Structure formats: structure tokens, C-alpha cells
Amino acid sequence: MTVSVFIPSQLTAYTGGVTRVSAAGATVAGVLDDLDRRFPGLKFRVVDEQDRVRKHMRMFIGRDETRSVVAPIRDGDELLIFGALSGG
Amino acid sequence: MTDAIQLLVGTRKGAWIYRSDAARETWRVQGPIFLGSIISHLVLDPRDRKTLLMAAATGHLGPTIFRSTDDGETWTEAAKPPAFPKSDDADARSVDHSFWLEPGHASEPGVWWVGTSPPGLFESRDGGARWESVAGFNDNPRYWDWCPPEAGTPDGSLLNQVVIDPRDAAHMYIATSSAGVFESCDRGRTWGPLNENVEASFLPDPYPEFGQDAHFIALAPTNPDRLWQQNHCGVYRLDRPGERWERIGKAMPVEVGDIGFTITPHPRCAETAWVFPMDGTDVWPRTSPGGKPAVYRTRDAGASWERQDAGFPTEQGWFTVKRQAFCADRADPLGLYLGTTGGELWMSGDEGGSWRQIAAHLPEIYSVTAAPL
């Protein structure tokens, strides 16, 4: 599956400043693995070693939020990654 | 003439490097580095005097380690940052942040250790690129006794220090916020608590085998059999092979007390160390007692202490100095440096006799390390 991925500002240091990239994968984890191959280190900043989405990161498939990395991805989906409203 | 010094400063919002002239009179600043990132520790490898490692995270992103070999101009991220082994348990641990970076023994170039929150010990054998979990601690059958999940300090429970005996790479100490001090004589394969006579006033048994909050430990550089400890409950000293700590903080003035985050030994005198007391009364403000900041120095291994406050505010100075934010260089005369939660960097060029501010308006300072230029 090929999806369009929105990259938040917190991660554009990995993507050379680009906020929209294409990636392939059948699940959220697969898409993140594909991104990590091209932008090494990106996945671990978003998902921890137990495959849990980090506390202050949010991911949406289209308009539906998911915190599961095994959530399926369909061809043409859009995966949006955001930094949550937090901090200070 | 002294040596030129560089101060590596980690803050809640990035890192800065201050470099002095040979007299330590003027300082040039480099930074911010990774503005907005939480930098718990920034350390120069004393073995090659070239490699810098930085423990970083952000409010959103997970923790990682950055490495520089060009004086902090460019940084490379660890290919495999510290991470606990994958587990199917619902409460499986994940590293929230790396807190303490320790260069390995002089005989082991390229080896580094890191302590994390939640408490974890990790080792790199390739200069900080790939990190492996140290099973002897992280998978120890007693791990959950030593590091119960509910024992967190405000920023999370910590393995806040790794200390290596300069005479023996296999002889290590660690400090934790939930179980006190531990010792290993086999390079981290097995660990035992080392907390006899150290108070834990917040537990039903105030002198348990483990459960103390060891804020900071340090070996005396000229006598590695001497350990200094600034504990949550007071200042202690232990002379090995003894196992019973002595509460040397009892000799501090009663109105000041012996609560603090950190202790700094003299690099050339095993009888001398400095502490930065903070207010541990009633609700624990953790600020300078009475709003009058001061360091206290012992020159007789803790039998007595003298106040050193010249240059600090004489009133309304509500400093807090965190665990990694007080250090000494190795120049002669000795330089002492401390960073405050208010973003001020202070130094003394006369062994604490007088203090002057060398930077202000930084974010909350988490760590200050000094290294020769």
C-alpha cells in the first residue's frame, strides 16, 4: 500500500524539512518502518521499544485517530502524524 | 596561568558550550544546540578528548543520543538508542529519557554507559552508536523490588549515575532514586545494594537494605576507596572496603541542614568536597535555605564544613542546583562551576572562596560538565 504521510514540524529534521512524503506499508508499523529506512531514527522518536505510540504523539489514518501500530493501511490512505498539544 | 576550560551545559530547552581563555576570565558561547530539546547530560570523552555525547529528548519525541566529533558543530544520532528489550507484558518498560552518560574505563576506549528513567543501565561498545540493555541490572530477578513503578520522583524514577573504579573496569557503582546505591564487581553482571546506615525517612523502615534515594555519588579521584554521597536525606561518606556509610552532614549547621542534590569532590584532595544545600523542611521547597545561596566545603572528610557564599546574592536568592549541575575542572587553581534552575551559570576560580556569574537567562539548567579545551 502506498500512503501519503504528513510529517509534523518536530520530525522535519529527519525529512530534510519536507512535511509531506509517500511511504509504503500494510500497517502503521509498516509505514513507519518504511519511513525509518529512508529517514533513520524517525520511528523511535514516535513509537517506543514496545511498539506503543509515544504519549505526546498522535496519529490519524484520515480523520480516525489510532494508537495501534498494527492498524491496517489501505491503498490511498493518508497517515497524519502530529505532536500533541502539550509542554511548556 | 590555568588551563582553558569548556563547560558543557544541558538545559530543559537545549545545550550550550562555554569556552574560556587560559585565565578563565572571559567565555565564548556556542549555542543553542538543539534548541527546544531536553538535554539531560552532555559529556566529553576524556579518553580521546574529542567525542561528545548528548542525552536528548523533547516533550513530544522519544529519547535518543547524539554524538559529535567536531566540537559540537555537527551531530549524528545513535543508530540504536538505549531501549529495553521487547516484551509482550502490558506494563513493559520503555525508556522515557537517558539521564546520565558515563565514559567507560580508560582501558576500554569506545565503551560508554548510560543510566535512564525508568531505571535502566545500557552499554555502548562503539562510541555511542549502538546501545545494549545490561541484563545484570535490567533483567535482575530483584529489579521490581529495587525499582517499583510507583517509586517515581517528579521527573520519573531514575538510574541517575554510573561510576567506574579507575583501578578496575569491572568494579562499578550505580545510584538510583528508588533503591539507593548498588555495587558490581563483575562489570555489571551481578549487583548488590550498598546502603548500610543510609536513611530513607520516607519508608516504614528508615534504614532498609535498599529503597534510599541516592541523589549523587562520587569517588574521590585520588582515593577511589572513598565514596561521597549526597542523599535525599543527607550527606554521607563511605571508605571501602567498609560497607557502612557515615552521615557526615550531621556536622553542617542545623539551620542549613544537609539536604541537596549534588556533591563535588576535589580532584587532588580526598579530604575535600563541596555541597550545595537546599531547603528540605516542611513541604521541601528545594531552594537555597533562607534565600541565601551558598556552597559548603569540607576539608577534613566531613568532620566540619565552612560556608562559602562570597559573590552570591545575600538575600532573595532562591537557587536550586540539580544533580549534574555542579562540577569542578582539574586546573590549578581549581575551578568550580554550577548551573541553576533559574538559568544562571556561576563559577569560582579560587576553590569556592568567591563566585561570579558567567551566564544568565538560559533555560533551566540540568547539567554542567567541565573539560579541558
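1. How many residues lie between β5(B) and β6(B) in the hairpin they form? The answer for this predicted model is six residues. The two strands run antiparallel, and five bridges join β5(B) to β6, residues 64–68 of chain B. Within this pairing, B:Ala56 is placed opposite B:Thr64 of β6(B).

2. β5(B) also pairs with strand β4 of chain B (residues 38–44), in the antiparallel sense and over six bridges. Here B:Leu53 of β5(B) has B:Val43 opposite to it.

3. Is strand β5 of chain B (residues 52–57) enclosed or open to its surroundings? Six of its six residues are buried, so the strand is largely enclosed by the rest of the structure. B:Leu52, B:Met54 and B:Ala56 point one way from β5(B), while B:Leu53, B:Ala55 and B:Ala57 point the other way; all are buried. In general, side chains of a regular strand alternate between the two faces of the sheet.

4. Chain B also holds an open sheet of four strands, ordered β23-β24-β25-β26 and paired in the antiparallel sense. β23 (326–328) and β26 (356–359) of chain B are the edge strands; each has a single partner, so one side of each is left without a neighbour in the sheet. On average, neighbouring strands of this sheet are turned by 25 degrees against each other, direction ignored.

5. In that sheet, β25 of chain B (residues 345–348) pairs with β26(B) over three bridges, in the antiparallel sense. B:Leu345 is set opposite B:Ala359 of β26(B).

6. Turning to the contact between the chains, 16 residues come from chain A and 15 residues from chain B. On the chain A side that touches chain B, four residues are nonpolar, seven polar and five charged.

Conventions: Residues are numbered from 1 along each chain as its sequence is written. Chains are lettered from A and ligands numbered from 1 in the order in which they are written. This is a predicted model: local features need pLDDT of at least 70, side-chain atom pairs count only at pLDDT 80 or more; totals for chains, interfaces and linings use all residues. Two strands pair if DSSP finds at least two bridges between them. Axes are lines fitted to C-alpha atoms, for helices over the stretch in contact, and angles run from 0 to 180 degrees between N-to-C directions. Two residues are in contact if their C-beta atoms, placed from the backbone, lie within 7 Å. Ala, Val, Leu, Ile, Met, Phe, Trp, Tyr, Cys and Pro count as nonpolar, Asp, Glu, Lys and Arg as charged, and the others, Gly among them, as polar. A residue is buried if 20 or more other C-beta atoms lie within 10 Å of its own, exposed if 12 or fewer, and partly exposed in between; C-beta atoms are placed from the backbone.
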